[in-house]
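User: I would like to go through this structure one feature at a time, with the reasoning laid out for each answer.

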Amino acid sequence: MTIIDLRSDTVTHPTPAMREAMATAQVGDDVYGEDPTINQLQEMAAERLGKEAGLFVPSGTMGNLAAILAYCNRGDEIILGNQTHIFLNEAGGIAALGGIHPYPIPNQPNGTLALDDIREAIRSDDPHHPITRLIALENTHNCCGGAVLTAEYTQAVADLAHANGLVLHLDGARIFNAATALDVDVASLVAPVDSVTFCLSKGLCAPVGSVLCGSKEFIARAHRVRKQLGGGMRQAGILAAAGIVALHEIAPRLAEDHVRARNLAQGLRNIPGVILDSGEPASNMVYLTLGEDLPLNAEDAARRLKGCHVLVDVVSPRRFRLVTHYWIDDQAIHSTIEAFEKVLGNYS
Ligand SMILES: *Cc1c(COP(=O)(O)O)cnc(C)c1O
């Protein structure tokens, strides 16, 4: 029996084409800058994102951390959303390793930060205050239901940042999903930001890695930070090879995952006790809450769904996240809806 694993798009294992490319990749010592496959991936990623340079890093977390450490001194402040991955899910790395002071402001339900909230959070030049150094956004916004930020909004935040001498970093872990959802070129979507991290190892299906992109001068600084963090790898071209396949073959097909997320939401919407977040899923994520009248919580339901070979992510006592990806086909969507009907149907 195949397992339908909707917990995350991080569960994607590499495609046969990736394994083939990994097996045959040309490699060298990347600490000497001599891995041709890593160099190729970095150039390709930078070109796709319309930035001068790219840096291959082991994880999205390290990409964000290297970027923020490259911009900030100890005691500097970063303005970011209180529902962002950097604030919630990166183990406090910016504070632990960089002495960087987070200034969390509310994420709106659509993943944005209100421009007025940002404006108010920017510190005045007063020796009592930390120095505001940067603003960070997240696109797509994971905890806000996979919400998509537009290029216009991103430009407005960039304008605000730049007018105040700040930089704008984008945690674009799923930026290719965002560009797909908006049907725009990814480079135009990230044109306003000074730097961007994206993950190869999520919906793009590669087994390992992220790429940080920005100006040549910025990437040179981030490169040194990556070394400090222990992220200088050697013949990691075997990993980058999968990333190249991901950009060529997987990025263009993400719309399929978005259609399946909408179909999944459509099927679940009719099941009594299931409360879907309002609106259609914006990208590849479906969030749902169990109604209070159901006598089981999300953990119980997840356990029973597992009995039907369906794995879901429990995000709070009554709430789930389901994420579509390359290895979830139409049949899997159908089977998942059936499993929910079976598990929850007994109570209606
Ligand atoms: C997964 C994720 C990251 C971090 O990536 P890892 O490779 O897991 O370290 C950063 N931001 C967002 C929004 C993510 O979903």
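Analyst: A salt bridge here is a side-chain nitrogen of Lys or Arg within 4 Å of a carboxyl oxygen of Asp or Glu. The model is a predicted one, and the values that follow are computed from it.

User: How far apart are the closest N and O atoms of Arg123 and Glu77, and which parts does the pair tie together?

Analyst: Arg123 belongs to the loop between helix H6 (115-121) and strand S5 (132-138), whereas Glu77 belongs to strand S3 (residues 77-81), so the pair links parts that are 46 residues apart in sequence. Arg123 is partly exposed at a relative accessible area of 29%, while Glu77, at 1%, counts as buried. The closest N and O atoms of this salt bridge are separated by 2.6 Å.

User: How many residues apart are Arg221 and Glu217 in helix H10?

Analyst: These two residues also form a salt bridge, with closest N and O atoms 2.9 Å apart, and Arg221 is partly exposed with a relative accessible area of 31%. Both sit in helix H10 (residues 216-228), where about one helical turn separates them, the spacing being 4 residues.

User: Which residue forms a salt bridge with Arg319, and how many salt bridges does a search of the whole structure find?

Analyst: Arg319 lies in strand S13 (residues 319-323) and its partner in the loop between strand S9 (274-276) and strand S10 (285-290), so parts that are 42 residues apart in sequence are tied together. The partner is partly exposed, with a relative accessible area of 31%, and the closest N and O atoms are 2.9 Å apart. Elsewhere, salt bridges that share partners join Arg253, Glu256, Asp257, Arg260 and Asp330 into one network. The partner of Arg319 is Asp277, and the search of the whole structure finds 17 salt bridges.

User: Which helix gives the most residues to the largest nonpolar core?

Analyst: The largest nonpolar core holds 57 residues, and those with the most contacts inside it are Phe176, Phe198, Leu200 and Leu204. The helix that gives the most to this core supplies 9 residues and spans residues 237-250, which identifies helix H11. A second core of 31 residues is separate and includes Cys308, Ala332, Ile333 and Phe340. The answer for the largest core remains helix H11.

User: Which residues does Phe176 touch, leaving aside those up to four places away in sequence?

Analyst: Phe176 is among the residues with the most contacts inside the largest core. Two other residues of that group, Phe198 and Leu204, are also among those it touches. The full set is Arg48, Leu49, Val186, Phe198, Leu204, Leu247, Ala251 and Leu254.

User: Are the residues of strand S7 buried or exposed, and which of them point one way and which the other?

Analyst: In a regular strand the side chains alternate between the two faces of the sheet. Strand S7 (residues 195-199) is mostly covered, with 5 of its 5 residues buried. Ser195, Thr197 and Cys199 point one way, and Val196 and Phe198 point the other way.

User: Which strands are joined to S7, and in which direction does each run, parallel or antiparallel?

Analyst: Asp171 stands opposite Thr197 in S7, and 3 bridges join strand S6 (residues 167-171) to S7 in a parallel arrangement. Cys199 has Ser210 in S8 as its bridge partner. The 4 bridges between S7 and strand S8 (residues 210-214) belong to an antiparallel pair. The neighbours are therefore S6, parallel, and S8, antiparallel, given that two strands pair if DSSP finds at least two bridges between them.

User: Which side chain has an N or O atom 2.5 Å from a nitrogen atom of the ligand?

Analyst: There are 13 residues around the ligand, and Gly60, Thr61, Asp171, Arg174 and Lys202 come nearest. Oxygen atoms of the ligand lie 2.6 Å from a polar side-chain atom of Thr61 and 2.9 Å from an N or O atom in the side chain of Arg174. The contact to a ligand nitrogen atom at 2.5 Å comes from the side chain of Asp171.

User: Is Cys205, which has a positive phi, buried or exposed?

Analyst: Cys205 lies in the loop between S7 and S8, and its phi is near 80° although the residue is not a glycine. Asp183 likewise has a positive phi, of about 55°, but Asp183 is exposed at a relative accessible area of 70%. Cys205, at 0% relative accessibility, counts as buried.

Terms used
Residues numbered from 1 in each chain as written. Heavy atoms only, no water. Core = buried A, V, L, I, M, F, W, Y, C linked by side-chain atoms within 4.5 Å. Buried < 20%, exposed > 50% of the residue type's maximum accessible area, 1.4 Å probe, protein only. Helix = DSSP H or I, 4+ residues; strand = E, 2+ residues; numbered from the N terminus. Contact = heavy atoms within 4.5 Å. Near = heavy atom within 4 Å. Polar contact = N/O pair within 3.5 Å; in protein donor to acceptor, adjacent residues only side chain to side chain.
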